[in-house]
Protein chains: 4
Amino acid sequence: MENSKRLQINIITVTTPEAGEKIGKPPGNYITIQAPPLQVNDPELQEEIIKVLSKNLRTVTAPFLKPNDPVLLVGLGNRHAVADSLGPKFIEYSPITRHYHQYVPEALVQGMRPTSGIAPGVLGITGLETLEIIKGVVEKTKPALVIAVDSLVAQQTERIGRSIQISDTGIHPGSGIGNARHPLNKYTLGVPVIAIGCPTIVNAATISNQSIQNFCSNSAYAYDEAAAMKSIKTVLAYFGGSLSVTPKEIDEIIKNTAKILARGVAAALFPHIGQKQLELYTV
Amino acid sequence: MENSKRLQINIITVTTPEAGEKIGKPPGNYITIQAPPLQVNDPELQEEIIKVLSKNLRTVTAPFLKPNDPVLLVGLGNRHAVADSLGPKFIEYSPITRHYHQYVPEALVQGMRPTSGIAPGVLGITGLETLEIIKGVVEKTKPALVIAVDSLVAQQTERIGRSIQISDTGIHPGSGIGNARHPLNKYTLGVPVIAIGCPTIVNAATISNQSIQNFCSNSAYAYDEAAAMKSIKTVLAYFGGSLSVTPKEIDEIIKNTAKILARGVAAALFPHIGQKQLELYTV
Amino acid sequence: MENSKRLQINIITVTTPEAGEKIGKPPGNYITIQAPPLQVNDPELQEEIIKVLSKNLRTVTAPFLKPNDPVLLVGLGNRHAVADSLGPKFIEYSPITRHYHQYVPEALVQGMRPTSGIAPGVLGITGLETLEIIKGVVEKTKPALVIAVDSLVAQQTERIGRSIQISDTGIHPGSGIGNARHPLNKYTLGVPVIAIGCPTIVNAATISNQSIQNFCSNSAYAYDEAAAMKSIKTVLAYFGGSLSVTPKEIDEIIKNTAKILARGVAAALFPHIGQKQLELYTV
Amino acid sequence: MENSKRLQINIITVTTPEAGEKIGKPPGNYITIQAPPLQVNDPELQEEIIKVLSKNLRTVTAPFLKPNDPVLLVGLGNRHAVADSLGPKFIEYSPITRHYHQYVPEALVQGMRPTSGIAPGVLGITGLETLEIIKGVVEKTKPALVIAVDSLVAQQTERIGRSIQISDTGIHPGSGIGNARHPLNKYTLGVPVIAIGCPTIVNAATISNQSIQNFCSNSAYAYDEAAAMKSIKTVLAYFGGSLSVTPKEIDEIIKNTAKILARGVAAALFPHIGQKQLELYTV
């Protein structure tokens with residue numbers, strides 16, 4: 001797969017359930033693209049990320065995606081909460097062509113597969129499980145593949161806004177901010193699901209705990225997890241643990257990342273079509 | 001049904017297909033609530049509209065809705081185009097309780113039925129027919145009733161922002177701005193569909209034509225429709241007929257109307273629960 | 001001053017510079033209104049907060065505000081960063097009447113003073129110091145009083161969204177999120193400045209430090225500030241210290257608080273005009 | 001000045017007050033850039049417009065702008081009304097550097113002049129005349145030049161979203177949607193004002209009148225302006241004449257145009273700095 005001097009690319013392939021158990025993940029491909037610190041605004045670096053992202057997506061989707069197969073894009077998360085709006089923004093920026101195939105095929109460039117896109121919202125706002133919405137759409141519209149984008153909770157603040165995680169095993173419960181209870185994957189939806197996730201927040205408890213650990217090692221004190229958790233709870237109790245840490249620039253980070261993902265996914269799905277032509281199909 | 005001094009309420013019941021054909025509508029109930037000009041900001045009038053709306057909704061839904069039956073709210077239209085965002089805003093302002101029933105029933109007030117809500121977006125943005133999305137959700141979640149809210153194209157500018165149209169025959173193609181091609185009704189969805197529509201725009205061609213008609217009658221000239229249409233086309237050709245007329249205040253009109261609809265529908269669906277308690281379930 | 005059973009009201013009057021030095025504040029009045037935990041959505045409590053806020057504002061402004069004096073409202077902060085948008089939202093929700101006085105005085109209710117409002121933005125976006133903008137507006141439009149609203153950085157997460165701080169000594173540099181370098185007060189602007197601030201975020205470093213302190217006291221370890229700061233720095237270094245902690249509900253908290261402030265300030269400035277009439281002057 | 005095959009560029013220079021009176025404009029330069037129909041989404045055409053815009057701006061500003069002179073950008077209009085939000089969006093997309101000069105000069109590229117930017121809002125929302133705000137800012141911050149961007153009311157629907165009008169005589173009352181009563185020009189502000197305006201709406205009365213005129217000429221009827229106006233008034237009376245005509249795509253047209261203007265103005269103000277470097281200074 002594509003390599004890059006400035007990007008760190010990490011590919012793990014889990015081949016057996018036994019091997020998967022050791023790292024807590026089902027068999028499949030796991031790719032992480034990591035950008036250098038604080039440089040995602042750099043237009044050249046963005047082009048490099050988009051190229052690496054699309055190459056890896058093409059490799060991952062090659063086994064089950066033929067040139068004209070339809071693809072459903074799903075943007076998970078809450079469009080009204082900035083740090084959780086990566087998925088909905090990704091849909092907004094992606095080229096959608098399925099209705100052209102149905103109503104104005106003459107408006108399409110040769111070799112443009114049908115794409116559709118939906119941002120189903122979150123349980124707390126719709127009262128509906130994401131799976132209940134997406135399963136219905138998959139059954140009615142029969143895409144060959146689902147590509148789902150979601151915000152992730154990071155374990156380190158430096159991951160925010162510079163890491164893209166791809167897997168072909170679907171989106172798993174609790175991995176996103178939205179507390180999805182039912183996974184979207186080939187068993188629940190009947191079609192393969194490529195998950196693309198990007199860390200956008202860190203839990204307040206995580207950074208507090210890391211600070212305590214650092215303090216203990218700096219001061220040669222024994223770190224005790226139960227004591228640390230108890231100490232943190234008093235500080236963060238008020239909002240029921242819903243406190244999260246984001247950089248001031250989160251709004252721009254989300255827009256930037258959503259654009260990179262939309263362009264990288266489009267380049268993977270429409271490999272023969274130029275960027276400029278694709279922009280004509282994008283809102 | 002409820003009457004009001006300041007509101008004009010119009011109820012038509014079409015009982016046979018033959019009677020329906022004469023007015024171009026299928027058998028069912030058609031209710032129009034019309035507010036006096038330019039007074040919808042008046043808080044007392046708003047309360048009156050909410051009361052009349054909820055009373056009429058209760059009457060219309062009484063035949064097929066038992067106290068604890070689940071209801072799916074659908075907000076049609078494009079959230080990114082102000083004049084077409086009434087439906088999505090209605091969902092945003094409505095109390096959604098279905099997930100409480102599933103996960104935290106103790107947080108519910110006695111007698112609070114399950115409600116869910118979805119704003120499916122428009123074909124031009126999702127590449128999906130509204131019916132393809134909503135039919136799936138209905139099949140997976142089995143509501144007893146769908147209540148769908150949409151923006152309407154008015155024939156008179158004075159209807160914008162002061163008229164509410166209710167029917168129990170579903171939402172019909174082309175009636176909204178979004179050019180829905182497949183209707184949402186009990187035949188396509190398998191459950192009754194209450195449609196609530198509010199005029200938010202007038203086509204530019206409509207006002208031009210009315211101006212020509214007025215001019216002809218004022219000047220004692222013969223009005224000729226074909227000549228009028230031809231004259232209008234030259235003026236409006238550039239944007240392919242997508243030109244629409246809205247008042248400057250459209251943003252406020254949409255928010256105001258969406259709040260009135262959300263409160264009126266909530267009062268109809270949760271008849272024993274006070275407004276203040278309902279607000280605790282609203283974003 | 002008004003008291004309340006559910007609200008905790010704290011009034012400090014600093015009469016001499018010497019007394020002020022001890023608590024690090026200039027002479028003046030400092031009022032804090034604190035609501036009970038997690039109940040600001042409660043409509044009755046909101047009414048109570050509005051009443052207490054307006055009574056206290058009337059007392060504080062009484063010495064220098066005559067019935068028809070014009071007032072300039074200033075909404076500090078960045079409208080594009082949710083947690084910092086309290087000030088701009090306050091302006092959006094406030095009744096503005098100065099232009100009616102100039103152009104359509106007949107549209108005004110008797111005894112309605114002129115109010116104007118501006119949200120000047122933040123230095124990082126405008127390249128302009130807030131003082132450079134506001135001083136010009138004050139010189140050109142000569143209000144008798146400025147009321148400035150800003151988001152505050154809290155020291156405890158439980159202050160977020162339930163505390164209102166009022167002072168008649170102006171807004172001081174660094175007190176808000178926006179890093180205002182030059183204060184807005186009667187010395188810099190030439191007119192008295194009432195500051196209203198509400199905590200909306202906590203610095204990530206603050207909660208980490210509190211967690212370390214708790215951990216030390218729970219574990220009977222010695223707390224050392226320098227060691228704590230060093231330990232925290234490693235965890236939070238990546239975004240240059242701009243990491244902040246907010247609850248998931250921050251968007252709703254900001255809207256709610258802005259509405260309470262707008263209604264409380266309006267009730268103080270237009271004491272003889274009913275809430276319903278005021279709403280007609282509000283966007 | 002620059003020419004272009006696909007763009008129509010029109011330059012009028014009025015040299016004497018007498019000549020100006022004939023066309024109802026004060027002496028100065030008037031440049032119109034007109035794009036071909038329905039192609040502004042085309043990325044190559046956008047680059048061409050940006051190039052032509054920046055070249056013409058450099059020529060117009062050459063007489064009074066030295067390389068390091070500070071410039072104040074002003075975005076007129078109402079950010080909450082889509083068709084009127086071109087000015088505020090222009091500010092949002094423009095590179096602002098003045099605060100770097102004051103606080104972090106080492107972060108600047110050699111030869112980057114100080115720019116600041118303000119979107120003062122509209123009288124109906126602030127209660128403040130635009131001139132009252134901008135005059136203060138000009139006096140306090142002493143820019144060498146003001147560049148003001150505003151939405152315009154067009155006389156033809158085909159002008160919407162494809163025409164840019166530049167003049168060095170300031171922004172004149174009533175030319176924009178915002179009904180500015182006091183002009184921004186070198187007499188009122190003390191520094192030259194370059195105005196950039198783009199048509200975004202057409203009054204509903206304008207298209208009605210044009211339709212009547214077409215109808216009369218098509219039908220060989222006598223057109224009578226008074227009769228036409230009377231006929232139109234009945235149709236449009238309800239919203240006090242505030243009805244305006246916009247294409248459905250207005251939201252995208254505004255964003256697109258604001259980006260083109262921001263990039264064209266930046267290229268004119270920072271002639272030696274590459275587009276990619278400029279993007280690092282843009283939100």
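Chain C and chain A bury about 3700 Å² between them, with carbon and sulfur atoms giving 61% of that area; buried area here is the accessible area (1.4 Å probe) lost by two parts on being put together, summed over both. The model is a predicted one, so local features need pLDDT of at least 70 and side-chain atom pairs count only at pLDDT 80 or more, while totals for chains, interfaces and linings use all residues. Side-chain values rest on heavy atoms, with hydrogens and water left out, residues are numbered from 1 along each chain as its sequence is written, and chains are lettered from A in the order in which they are written.

On the contact count (heavy atoms within 4.5 Å), 46 residues of chain C meet 46 residues of chain A. As for salt bridges (a Lys or Arg side-chain nitrogen within 4 Å of a carboxyl oxygen of Asp or Glu), the rule finds 0 across this interface of chain C and chain A.

Now for chains A and B. A turn of 180° with a shift of 0.0 Å along the axis lays chain B on chain A at an RMSD of 0.0 Å, the copies being superposed by least squares on C-alpha atoms of residues with pLDDT of at least 70 in both. That is how a two-fold axis relates its copies. Within chain B, B:Gly136 comes closest to the rotation axis, its C-alpha lying at 1.8 Å. Both copies use the same surface, as 97% of the contact residues of chain B recur in chain A.
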